[in-house]
Amino acid sequence: MRPTQILRGGGAPNWKVGHWLGDWGSMGGRKQKGIIHYGVSANRQNPIAGSFHDAIFNTFRRTKGQVFYWVTPIVIAYYLLDWATERNHFLNSKQGRAEFADEE
């Protein structure tokens, strides 16, 4: 370590003067002990195991939780559209024209 580095702010390693701290995750500290990593090769895994079963039950669970948020507006819109269609047919019929002829 250079003497000017100590005068600048301590004895911490500095990348500007030739000390490389390491890759992300191993920033120059001591190696950790007692940590064991297990892994399975990508060609030994079954990536879609249980996906059909999970898709059915997850879809049912999510739909059950959201059904009142989307069924209510659909039912209201259906009855409003049905009323408007019937009203239009009535107003354009012979009886509707006769009833509302003097209003126009």
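Visitor: How many aromatic pairs does the count come to, and what is the rule behind it?
Guide: The count comes to one aromatic pair, formed by Tyr78 and Tyr79 with 5.6 Å centre to centre and 70° between the planes. Rings of Phe, Tyr and Trp (its six-membered ring) pair if their centres lie within 6.5 Å, and planes under 30 degrees apart count as stacked, over 60 as edge-to-face and the rest as tilted, so the Tyr78 and Tyr79 pair is edge-to-face. This is a predicted model, in which local features need pLDDT of at least 70 and side-chain atom pairs count only at pLDDT 80 or more, while totals for chains, interfaces and linings use all residues. Residues are numbered from 1 along each chain as its sequence is written, and side-chain values use heavy atoms, with hydrogens and water left out.

Visitor: Why does Phe52 count as exposed or buried?
Guide: Phe52, which is in helix H2 (residues 51-91), has 67% relative accessibility and therefore counts as exposed, given that buried means under 20% relative accessible area, exposed over 50%, and partly exposed in between (1.4 Å probe, protein chains only). Ala101, in the segment after helix H3 (94-99), counts as exposed because its relative accessibility is 54%. Tyr78 and Tyr79 are exposed too.

Visitor: What makes Phe52, Ile56 and Phe57 a patch?
Guide: A patch is made of residues with over 30% relative accessible area and no salt bridge, with like charges joined within 9 Å and nonpolar side chains (Val, Leu, Ile, Met, Phe, Trp, Tyr) within 5 Å; a salt bridge is a side-chain nitrogen of Lys or Arg within 4 Å of a carboxyl oxygen of Asp or Glu. Phe52, Ile56 and Phe57 form such a nonpolar patch on the surface, with about 370 Å² of accessible area together, by the Shrake-Rupley method with a 1.4 Å probe, where for residues only the protein chains shown count as cover.

Visitor: How do you know what secondary structure residues 67-85 have?
Guide: Helices (H or I, at least four residues) and strands (E, at least two) are DSSP runs, numbered from the N terminus, and residues 67-85 are 100% helix and 0% strand, with end C-alpha atoms 27 Å apart. An unreviewed UniProt entry places the feature "transmembrane region" at residues 67-85, although such annotations may be inferred rather than shown by experiment.
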